[in-house]
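Reader: I would be grateful for a close look at a single helix of this model and at the residues that it brings into proximity with other parts of the chain. Please set that helix in the context of the whole chain.

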Amino acid sequence: MVSAEAHQKRLEERRQKIGRRVGRITEDLRRFQDPDSAERATESENDEVLEGLDAAGRQELEAIEAALSRIATGTFGTCAQCGGDIDQRRLEVIPHTPNCVDCAS
Ligand SMILES: [Zn+2]
């Protein structure tokens with residue numbers, strides 16, 4: 001069984017990694033939105049891709065934050081929907097999941 005501390009460590013590492021990535025994407029977006037950019041027209045497609053990535057990254061960050069606060073309050077590993085235990089193997093794959101496999105499907 002993986003301890004909550006081990007999950008916390010993994011979640012914090014992941015949070016850092018995504019945080020850096022989201023920060024970079026936000027920077028890129030700002031540059032693309034520069035009205036002086038000569039390549040503006042060809043960049044609009046990139047914009048959409050970046051915005052999608054940005055949203056996904058932010059969403060995962062939020063889930064990670066929520067998981068970290070569940071660790072802090074001692075409810076980590078408990079399904080937010082049905083209150084049952086989340087399978088350890090599932091937590092090892094997706095430590096930030098708030099739901100058990102039954103509620104997630
Ligand atoms: Zn559940």
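Author:

**Helix H1 and its surroundings**

With 14 C-beta neighbours inside 10 Å, Thr26 counts as partly exposed, because that class lies between buried (20 or more other C-beta atoms within 10 Å of the residue's own) and exposed (12 or fewer), with C-beta atoms placed from the backbone. Thr26 belongs to helix H1; helices here are DSSP runs of H or I with at least four residues, strands are runs of E with at least two, and both are numbered from the N terminus. The model is a predicted one, in which local features need pLDDT of at least 70 and side-chain atom pairs count only at pLDDT 80 or more, while totals for chains, interfaces and linings use all residues. Numbering starts from 1 along each chain as its sequence is written.

Helix H1 covers residues 4–32, which is 29 residues. The expected span of a helix is 1.5 Å times one less than its number of residues. For H1 this gives 42 Å, and the separation of 41 Å between its end C-alpha atoms agrees with that value. Within H1, the buried residues include His7, Leu11 and Ile25.

Two pairs link residues that are distant in sequence. From Thr26, the C-alpha atom of Asp54 is 7.3 Å away, although the two residues are 28 apart in sequence. Arg15 and Glu65 are 50 residues apart along the chain, and their C-alpha atoms are separated by 7.9 Å. Glu65 lies in helix H2, which comprises residues 40–73. Glu65 is partly exposed, since 13 other C-beta atoms lie within 10 Å.

A further pair involves helix H3 (residues 88–93), where Arg89 is located. Arg89 counts as exposed because it has 9 C-beta neighbours inside 10 Å. The C-alpha atoms of Arg89 and Val2 are 9.1 Å apart, with their positions 87 residues apart along the chain.

As for the chain as a whole, it has 4 helices and 0 strands, and its pattern along the sequence is α-α-α-α. Of its 105 residues, 13% count as buried. Among contacts with a separation of 6 or more, 57% join residues 24 or more positions apart; a contact requires C-beta atoms, placed from the backbone, within 7 Å.

Confidence is expressed as pLDDT, the predictor's confidence in each residue from 0 to 100. The chain has a mean pLDDT of 87, and 89% of its residues reach 70 or more. Confidence is lowest in H2, with a mean of 83, and highest in helix H4 (residues 101–104), at 96.

Technical notes: Contact = placed C-beta atoms within 7 Å.
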